[in-house]
Amino acid sequence: QVHGQGGVRFQNWAKTYGSCPELYFQPTSVEEVREILEMARQRGKRVKVVGGGHSPSDIACTDDFMIQMGKMNRILKVDKEKQQVTVEGGIFLSDLNIELSKHGLALANLGAVSEVAAAGVIGTGTHNTGIKHGILPTQVVALSLLTASGDVLECSESVNADIFQAARLHLGCLGVVLTVTFQCVPQFHLHEVAFPSTLTEVLDHLEDHLKRSQYFRFLWFPHSENVSVIYQDPTNKPPSSSASWFWDYAVGYYLLEFLLWISTFVPSLVCWINRFFFWLLFSSRVENVAVSYKIFNYECRFKQHVQDWAIPIEKTKEALLELKAALENNPKMVAHYPVEVRFARGDGIWLSPCFQRDSCYMNIIMYRPYGKNVPRLNYWLTYEGIMKKYGGRPHWAKAHSCTRKDFEKMYPAFPKFCSVREKLDPTGMFLNTYLEKVFY
Ligand SMILES: Cc1cc2nc3c(=O)[nH]c(=O)nc-3n(C[C@H](O)[C@H](O)[C@H](O)COP(=O)(O)OP(=O)(O)OC[C@H]3O[C@@H](n4cnc5c(N)ncnc54)[C@H](O)[C@@H]3O)c2cc1C
């Protein structure tokens with residue numbers, strides 16, 4: 001009975017990847033999802049489930065059947081005693097944050113945006129920063145999965161434990177994630193302090209910064225020594241904000257986009273733009289206080305290409321200095337600001353980039369001013385080369401050039417994940433082009 005729509009064009013948030021699914025579904029119940037899988041089986045079609053469509057790669061693309069989970073977005077249970085919440089996989093974290101705060105709860109850590117689905121963020125291993133905190137999938141204590149065969153599997157540390165270890169970072173290839181149970185914490189406010197520094201200072205005192213602030217990260221402005229250090233820590237102070245439309249939008253968005261567009265004709269301008277905007281927007285101390293999710297989230301205004309690899313934390317300094325030297329030695333290779341450097345605790349999730357090691361994530365970007373692509377191949381390859389040299393693992397959501405051979409070397413538990421995937425989806429119903437590169 002379920003109805004699929006033809007002629008829908010899917011595009012990710014940055015409009016860098018897209019596809020035209022033959023049929024596009026927005027189911028409202030498990031029964032409907034099961035019917036879609038049955039129809040796909042009968043017609044020999046593949047299926048891709050999509051959440052918020054934010055992944056900056058083709059991981060969520062398909063030309064066959066696409067299931068958008070936006071209508072399966074209920075909160076199913078709040079266990080105040082255990083401080084756990086069970087939600088349907090399609091719920092956006094933006095809705096979950098608000099609902100949790102009504103119960104005096106919150107997620108302990110979040111990425112930069114919340115217009116993303118619960119099942120989507122764990123699908124790709126979304127992370128934020130804070131060396132005492134793991135990536136978002138580490139907050140998951142249970143989930144349920146509708147597999148290609150139409151069975152529902154409940155998974156946790158104690159039930160279907162192997163499948164749980166795989167499904168906490170599932171890549172969308174194990175089945176349809178129906179529900180997710182998150183371990184929460186009591187609601188909290190954060191005090192954010194941003195202040196200027198230099199790359200040398202931050203790298204020489206990395207340990208101190210990591211100890212000084214629970215959610216420490218920094219932004220490096222390529223082609224310069226400039227750094228903006230950002231500390232975020234729980235506080236009892238009353239909310240306060242230093243937001244200003246003029247500086248945030250008129251300067252930080254409209255003027256910047258215009259200048260970046262001009263620089264597509266004169267690439268050497270990028271170096272001056274990075275320095276000028278650091279001086280304009282990041283050279284003085286700024287403080288904000290708000291409920292945690294409003295500080296964790298920030299507005300990503302520009303459509304952009306990104307790469308974000310996790311390297312062992314002890315390699316942070318060497319890798320970043322090597323990237324800086326590569327830019328200095330190749331004046332034609334330009335890099336937009338910022339390079340965002342974040343940290344995460346090691347974990348035991350099979351396909352987590354932080355598997356068994358504390359990690360540093362180094363996120364590089366190239367904006368697309370007015371939708372125009374800026375040449376980035378040289379920068380991208382140089383960055384990937386450095387990340388590989390230091391034992392890096394790419395963020396699953398973000399485009400990379402790795403294939404199965406690379407992942408076999410990077411992930412000790414890769415064969416275990418493959419064997420769970422092959423057992424749950426022997427015909428490859430949940431594969432697409434991105435995943436074929438990962439598994440074949
Ligand atoms: C502006 C912006 C800011 C970002 N900030 C960060 C950040 O701070 N940190 C970070 O780590 N990442 C960040 N990302 C990346 C983002 O967090 C991930 O791409 C995340 O996976 C997006 O969630 P989504 O719901 O949009 O997933 P989608 O892109 O829709 O899907 C991701 C994967 O999950 C699968 N999937 C989704 N729902 C289901 C389901 N119910 N069952 C089975 N599979 C499913 C899809 O098939 C796909 O494989 C950012 C992206 C953007 C565009």
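This is a guided tour of one protein structure, stop by stop, for use with a viewer. The model is predicted.

**Stop 1: the two domains**

Start with the whole chain. Colour residues 1-187 and 402-440 as domain 1. Give residues 189-394 a second colour; they form domain 2. The C-alpha centres of domain 1 and domain 2 lie 27 Å apart. Where they touch, domain 1 gives 35 residues and domain 2 gives 32 residues.

Look at the side of domain 1 that touches domain 2. Select α2 (93-102), α4 (161-167) and α13 (414-424), the elements that each give two or more residues to that side. What kinds of residue make up this side of domain 1? It has 17 nonpolar, 14 polar and four charged residues.

**Stop 2: the ligand**

Now select the ligand and the 35 residues around it. Which of those residues come nearest? They are G51, G52, G120, G123 and G172.

Next, highlight three elements: β4 (47-50), α3 (118-124) and β11 (176-183). Each supplies at least two residues of the shell around the ligand. The largest share comes from α3, with five residues. Colour the shell by residue type. You get 19 nonpolar residues, 15 polar ones and one charged one.

**Stop 3: strand β11**

Stay with β11. Is β11 mostly covered or mostly open? It is mostly covered, with seven of its eight residues buried.

Select β7 (residues 84-88) as well. β7 and β11 run antiparallel and are joined by five bridges. For a landmark, find T86, which stands opposite T181 in β11.

Then add β9 (residues 140-146). β9 and β11 also form an antiparallel pair, over six bridges. Here L145 has V177 of β11 as its bridge partner.

While the strands are on screen, one rule helps. In a regular strand the side chains alternate between the two faces of the sheet.

**Stop 4: helix α13**

Return to α13, one of the helices on the side of domain 1 that touches domain 2. Select F417, V420, R421 and L424. These four residues of α13 are buried. Why do they share a side of the helix? They cover an arc of only 100° around the axis, so they sit on the same side of α13.

A general rule about helices is useful here. An α-helix has 3.6 residues a turn, so residues three or four places apart point the same way.

Turn the helix around. On the other side of α13 you find P415, S419 and E422, which are exposed. Now show α4. The buried residues of α13 pack against α4.

**Stop 5: the eight-stranded sheet**

Select the strands of the open sheet. It has eight strands, with antiparallel pairing. Follow the order β16-β13-β15-β14-β18-β19-β17-β20. Which strands stand at the edges? They are β16 (286-291) and β20 (393-394). Each has a single partner strand, so one side of each is left without a neighbour in the sheet.

Begin at the β16 end. β16 pairs with β13 in the antiparallel sense, over six bridges. Check L190, whose bridge partner in β16 is A290.

Step on to β13 (residues 189-198) and β15 (residues 226-235). Ten bridges join these antiparallel strands. Find H189; it stands opposite T235 in β15.

Further along the sheet, select β14 (residues 217-220) and β18 (residues 339-344). They run antiparallel, joined by three bridges. Label W220 and you will see V339 of β18 opposite.

**Stop 6: two exposed residues**

Finish with two single residues. Select E207, which is in helix α6 (residues 206-212). Is E207 buried or exposed? It is exposed, because it has 10 other C-beta atoms within 10 Å, and a residue counts as exposed with 12 or fewer. Then select E314. E207 and E314 are 107 residues apart in sequence, but 10.0 Å apart in space, C-alpha to C-alpha.

The last pick is G44. You will find G44 in the loop between α1 (30-43) and β4. G44 counts as exposed, because it has 9 C-beta neighbours inside 10 Å. Add M429 to the selection. G44 and M429 are 385 residues apart in sequence and 8.4 Å apart in space, C-alpha to C-alpha.

Note on methods:
Residues are numbered from 1 along each chain as its sequence is written. This is a predicted model: local features need pLDDT of at least 70, side-chain atom pairs count only at pLDDT 80 or more; totals for chains, interfaces and linings use all residues. A residue is near a molecule or strand if its C-beta atom, placed from the backbone, lies within 6 Å of it. Ala, Val, Leu, Ile, Met, Phe, Trp, Tyr, Cys and Pro count as nonpolar, Asp, Glu, Lys and Arg as charged, and the others, Gly among them, as polar. Domain bounds come from an automatic or database domain assignment. Two residues are in contact if their C-beta atoms, placed from the backbone, lie within 7 Å. A residue is buried if 20 or more other C-beta atoms lie within 10 Å of its own, exposed if 12 or fewer, and partly exposed in between; C-beta atoms are placed from the backbone. Two strands pair if DSSP finds at least two bridges between them. The arc is that of the directions from the helix axis to the C-beta atoms.
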